[in-house]
Structures are given as structure tokens and as C-alpha cells.
Amino acid sequence: MEPWEAPVRLLPLPLPPVHGEVFGWYLHRLAAANHVTSGQLAKTLTPFKNALIGKRTDTLWRWTPMVLPRLALLTGLPHETLRMLLPAVSRIEARTGGEVIRYRRRLYVACSHCMHRRGITEPVLAHRPADLQLCRRHGIWLDGNRQYRVGHLPELVTAQHRHRRIARRFPDTLEAATKEAQHMVRSWLLNKKQPHLLSRWNDRLAQLPPREAIYENIIRRRVDEREFIATYPEFVTMLGMVADPAWRARRAPRQWGNLSQHRRTIDAVYAEAEHRLNVPSLRENRHSHTFYNDALFRWTDSLGRSLMLVTTPDDHDALREESHQN
């Protein structure tokens with residue numbers, strides 16, 4: 001009789017998984033607590049020999065849905081609980097049913113304070129929802145390999161609440177809008193042409209702790225981690241705008257019948273962004289041709305259609321001048 005055909009007994013220490021935990025990580029924690037190897041547990045769950053599973057293994061392409069009832073017997077947890085806590089289990093079932101699986105690895109190390117409350121002293125690797133950046137209970141930044149304490153910056157906590165509301169409201173556009181908003185804010189940070197925003201970001205950077213716990217061998221390091229924390233509230237502000245289908249529709253090329261219409265579109269987009277960010281202007285270099293390279297301008301006119309509508313040098317000046325008027 002093969003190990004996956006033998007009756008399953010409840011483990012002496014049936015630890016529950018952390019929400020979203022990577023399957024391999026959970027199996028290793030479960031095995032260590034019960035003084036067995038992860039391979040031994042894997043062989044009781046899946047019907048193939050020489051089962052080897054790493055701590056970061058989560059795709060489980062050769063596994064079958066029988067893993068769920070057998071894991072439920074090992075841990076004493078209901079099927080629905082395991083489906084909810086372990087994304088890999090749901091993917092196995094979906095794949096078997098012929099569904100298309102979109103697998104993205106947004107991984108993070110769970111808040112160490114939350115884990116200590118559950119009696120877990122080691123790091124736990126889990127899948128991070130797109131709208132999760134910090135632990136609101138303990139004020140710990142989670143998106144990176146250093147868990148900075150940011151609870152003393154209330155604007156970050158407020159931005160996390162808004163981020164979750166935006167994710168619920170605009171699920172269909174959230175992924176694309178996240179990349180676009182990150183690009184805008186990152187561009188404004190690097191080109192240093194937004195003094196009102198730079199002042200805010202420098203103030204936040206000065207208030208961040210210089211060093212925090214690092215998880216070098218678990219999660220990939222973000223080179224701009226501190227800068228991303230400092231710009232997070234403005235990122236969420238722009239995300240709320242660019243994820244909104246009403247504003248995304250305004251940038252559709254078919255909406256621009258002529259240069260005058262596009263001038264009004266550019267002006268409306270900038271006015272709305274300035275209002276949301278609470279800055280006097282995002283158009284500091286109003287007499288410079290580099291205005292056309294501004295990230296927000298490019299978002300509004302990603303295909304350069306405004307320049308196609310321009311036929312004379314006077315049109316260039318008119319578009320640039322009229323788009324600067326509030």
C-alpha cells in the first residue's frame with residue numbers, strides 16, 4: 001500500500017495555516033512541529049512517489065484534489081477553512097475543473113507581532129492581497145523585506161483604509177491602475193519637479209526608522225522600499241482616480257474629435273489630480289516642452305494622439321498654454 005492510500009490520522013500538533021500561507025511553507029511548519037519531514041507529509045497527501053517539496057513551493061502542478069480531504073484529516077480542519085486559508089488548494093481544484101488559473105506571486109512576510117500572538121516565532125511567507133501594504137493593528141509595513149514601524153504616520157494608516165475601499169470598488173481596473181499610479185508617483189519623485197510633493201515625501205522619509213528586521217533569504221528586496229513607503233498616500237490618491245472607469249474613459253482616443261476637445265481633457269485631468277492631491281499645481285514647467293513627458297500627461301495621452309492633432313507651431317503653444325490654465 002502506498003503512503004497516499006493508507007488511512008490518515010490526526011497529527012499530534014495539527015497547526016492551522018496562516019491566511020494566504022504558501023503551501024510549502026505551511027507543510028514545513030507542520031512537519032517540524034510533529035518531528036517528521038515535509039516529504040513524509042507530502043507522500044501521505046499526493047499520489048506520486050519521491051515527493052519533494054520546498055518551503056516556497058506553491059504551484060503543485062502534479063497534485064490532485066485528494067490533497068484536501070487528506071489534509072483535513074491530518075489537521076482536523078474543515079474543508080472550507082483549508083480552501084480559504086491555502087490558495088494552493090483552491091488552485092488545484094480549479095485546475096482539475098478546467099478553469100483558467102491566473103497565478104501571481106505577491107508574497108510577503110506576515111506581521112511578526114501578529115504571529116507572536118498566535119504562538120508562531122518564525123517568519124511566515126504568505127500571499128499578499130493587492131491592497132495590503134501594512135498591518136493596521138500594529139502599524140507594521142509589510143511590502144518589503146524590512147518590516148518598518150509606521151504607525152506614527154497616520155496618513156499611511158488612512159491610505160491603507162482607502163486602498164482597500166478602492167480595491168473593492170474597482171476590481172476590474174485595479175491591476176492596470178496600480179502600475180500606472182506607481183509609475184506616476186515614481187516619476188514625480190525621481191524628476192524632482194513637484195516641490196509640494198517632494199516636501200511631503202522628504203518629511204516622511206525623515207520620520208522612518210533607519211533600520212528594521214530584515215528577511216533577506218525570504219522575500220526579494222525592493223530597492224526603493226523607503227521611497228515607496230513615503231509616497232504611499234499619494235500613490236493611493238492617484239490610484240483612486242486612474243482606477244475609476246469614468247476617468248479612464250476620458251483618455252480613450254475616440255473621445256478626442258479635435259485639438260480643442262483634447263485641451264479640455266488634459267485640463268480636467270490635471271485639475272482633478274491637483275484637487276485630490278491638494279497641491280496648487282502639477283504643471284510647474286508650463287513653458288517647457290518637457291511638459292509632454294510628464295507621467296500624468298502621458299497617462300492621459302498614452303498614444304500621443306494630441307501631437308497628431310497639432311498641425312502648426314501655434315497649436316503646440318496653444319495646447320501647452322491652455323492645459324496650464326486652472
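Right after helix 3 comes G76, and its phi is positive, near 75 degrees. The model is a predicted one, and helix 3 makes a handy way into it. The helix covers residues 67-75, and seven of its nine residues are buried, so helix 3 is largely enclosed by the rest of the structure. The buried set is made up of V67, L68, R70, L71, A72, L74 and T75. As for what does the enclosing, these buried residues pack against helix 1, helix 2, helix 4 (79-85) and helix 5 (87-96).

Of those neighbours, helix 2 can be described in some detail. Its axis and that of helix 3 come within 9 Å and cross at roughly 125 degrees. Helix 2 is therefore oblique to helix 3, since an angle of that kind falls outside the 65 to 115 window for roughly perpendicular and is not over 145 either. On the helix 2 side the contact is made by L41, T44 and L45, which meet V67, R70, L71 and L74 of helix 3. Sorted by class, that gives five nonpolar residues, one polar and one charged. R70 turns up both in this contact and among the buried residues of helix 3.

A second helix pair sits further along the chain. Helix 8 (residues 174-191) packs with helix 9 (residues 195-207) at about 90 degrees, and their axes are 10 Å apart. The two are therefore roughly perpendicular to each other. From helix 8 come V185, W188 and L189, and they meet L197, L198 and W201 of helix 9. The make-up here is simple: six nonpolar residues, no polar ones and no charged ones.

Backbone oddities come next. Most residues other than glycine have a negative phi. H35, not a glycine, nonetheless has a positive phi of about 60 degrees. H35 is found in the loop between helix 1 (23-33) and helix 2 (38-45), and it is exposed, with a relative accessible area of 74%. N278 tells a similar story, with a positive phi near 60 degrees in a residue other than glycine. Its setting is the loop between helix 12 (259-277) and helix 13 (295-300). N278 also counts as exposed, at 65% relative accessibility.

Then there is the empty space. The largest pocket holds about 1,000 Å³. It is lined by 35 residues, and the closest to its centre are H19, Y108, H127, P129 and L132. Two or more lining residues each come from helix 4, helix 5, helix 6 (112-117), strand 3 (134-135), helix 7 (154-169) and helix 8. Helix 8 thus has a part in the pocket lining as well as in the contact with helix 9, while helix 4 and helix 5 contribute to the lining and also pack against the buried residues of helix 3. By class, the lining has 17 nonpolar, five polar and 13 charged residues.

Stepping back to the whole chain, the secondary structure comes to 15 helices and four strands. Of its 326 residues, 48% count as buried. Among contacts with a separation of 6 or more, 70% come from residues 24 or more positions apart.

How values were computed. Residues are numbered from 1 along each chain as its sequence is written. This is a predicted model: local features need pLDDT of at least 70, side-chain atom pairs count only at pLDDT 80 or more; totals for chains, interfaces and linings use all residues. Side-chain values use heavy atoms; hydrogens and water are left out. Axes are lines fitted to C-alpha atoms, for helices over the stretch in contact, and angles run from 0 to 180 degrees between N-to-C directions. Angles under 35 degrees count as roughly parallel, over 145 as roughly antiparallel, 65 to 115 as roughly perpendicular and the rest as oblique. Contact means heavy atoms within 4.5 Å. Ala, Val, Leu, Ile, Met, Phe, Trp, Tyr, Cys and Pro count as nonpolar, Asp, Glu, Lys and Arg as charged, and the others, Gly among them, as polar. Buried means under 20% relative accessible area, exposed over 50%, partly exposed in between (1.4 Å probe, protein chains only). On a 1 Å grid over the protein atoms alone, a cavity is a set of points where a 1.4 Å probe fits but cannot get out, and a pocket is an open set with protein on both sides within 12 Å along at least five of seven lines; lining residues have an atom within 4 Å of a point. Grid points are joined across faces, edges and corners, and a volume is the space filled by probe spheres set on the points.
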